[in-house]
Amino acid sequence: IHIPAYLTQSTISMTENHDIEFSGSFNLPAFLGILAVTALLVRGGQSQRITPEIYAAVKARAPQVELATVDNSDHHVTLDNPGGFVQAVRPFLAKA
C-alpha cells in the first residue's frame, strides 16, 4: 500500500503533562480514506479531537469506518475507561 507523503509528514511529541501531540500535515480523513477494510474509530466521550465534522469527512472518504464513543473518557480512552473501551470494541470484533 502506498501512503502519500502528506499523510506521514507529522511530528508526534509528548507534553509535560504526558499528553501526546500531533503536528504537521497529518490528515485523519485522508488517511482512513485509503483503507480498504472495515475499521473502528474510537473516541472518548469527553474528547474534542474527533468532532462530528471530522467524522463526517472520514465517512465521506471511507464509508466503511464505524465510530464508537466511550463515555467517561477523554482522548486516552484505554487509560480513562478501559472497561468502556472493551465494551465498545468487542461488538465490532465479533462481526469479523
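These are my notebook entries on a predicted model of a protein of 96 residues.

**Overall layout**

I began with the secondary structure and counted five helices and four strands. Read from the N terminus, the order of elements is α-β-β-α-β-α-β-α-α. I then looked up burial: 24% of the 96 residues are buried. For the surface, I noted about 6,500 Å² exposed, with carbon and sulfur atoms supplying 56% of that area. I also checked how far along the chain the contacts reach. Among contacts with a separation of 6 or more, 59% are between residues 24 or more positions apart.

**Nonpolar core**

I asked which residues make up the largest nonpolar core. There are seven: Ala39, Leu41, Ile50, Tyr55, Val58, Ala62 and Val65. Strand β3 and helix α3 (52–61) each supply at least two residues of this core. I followed Tyr55 further and, leaving out residues up to four places away in sequence, found that Tyr55 touches Leu41, Val65, Glu66 and Leu67.

**Helix α5**

I checked the length of α5, which covers residues 82–94. With 13 residues at 1.5 Å a residue, the helix should span 18 Å, and the end C-alpha atoms are 18 Å apart, so the two values agree. Next I listed the buried residues of α5, which are Gly84, Ala88, Val89 and Phe92. A helix has 3.6 residues a turn, so residues three or four places apart point the same way. I looked up what the buried residues of α5 pack against, and found strands β3 (39–44) and β4 (65–70).

**Salt bridge**

How many salt bridges does the structure hold? I found one. Glu66 pairs with Lys95, and the closest N and O atoms are 2.9 Å apart. The pair links distant parts of the chain, with Glu66 in strand β4 and Lys95 in the segment after α5, 29 residues apart. Side chains of opposite charge can pair when their charged atoms come close. I looked up the exposure of both partners. Glu66 has a relative accessible area of 26% and is partly exposed, whereas Lys95, at 56%, counts as exposed.

**Ser47**

I placed Ser47 in the loop between β3 and α3. Is Ser47 buried or exposed? Its relative accessible area is 3%, so Ser47 is buried, the cut-off being under 20%. The Ser47 side chain reaches the backbone nitrogen of Arg49 at 3.2 Å. Setting aside residues up to four places away in sequence, I found Ser47 touching Ser73, Asp74 and His75.

**Lys59**

Lys59 sits in helix α3. I noted a relative accessible area of 32%, so Lys59 is partly exposed. I then looked up the polar contact of the side chain: Lys59 reaches the backbone oxygen of Val65 at 3.1 Å. Val65 had already come up as a member of the largest nonpolar core.

**Asn81**

I found Asn81 in the loop between α4 (77–80) and α5. Its relative accessible area is 18%, which falls under the 20% cut-off, so Asn81 counts as buried. A polar atom of the Asn81 side chain lies 2.7 Å from the backbone nitrogen of Gly84. Gly84 is one of the buried residues of α5. With residues up to four places away in sequence not counted, Asn81 touches Val70, Asp71, Asn72 and Ser73. Ser73 also appears in my entry for Ser47, which touches Ser73.

Key:
Residues numbered from 1 in each chain as written. Predicted model: local features only at pLDDT ≥ 70, side-chain atom pairs only at ≥ 80, totals over all residues. Heavy atoms only, no water. Expected span 1.5 Å × (residues − 1). Buried < 20%, exposed > 50% of the residue type's maximum accessible area, 1.4 Å probe, protein only. Contact = heavy atoms within 4.5 Å. Salt bridge = Lys/Arg side-chain N within 4 Å of Asp/Glu carboxyl O. Core = buried A, V, L, I, M, F, W, Y, C linked by side-chain atoms within 4.5 Å. Areas by Shrake-Rupley, 256 points an atom, 1.4 Å probe, with all protein chains shown as cover. Polar contact = N/O pair within 3.5 Å; in protein donor to acceptor, adjacent residues only side chain to side chain.
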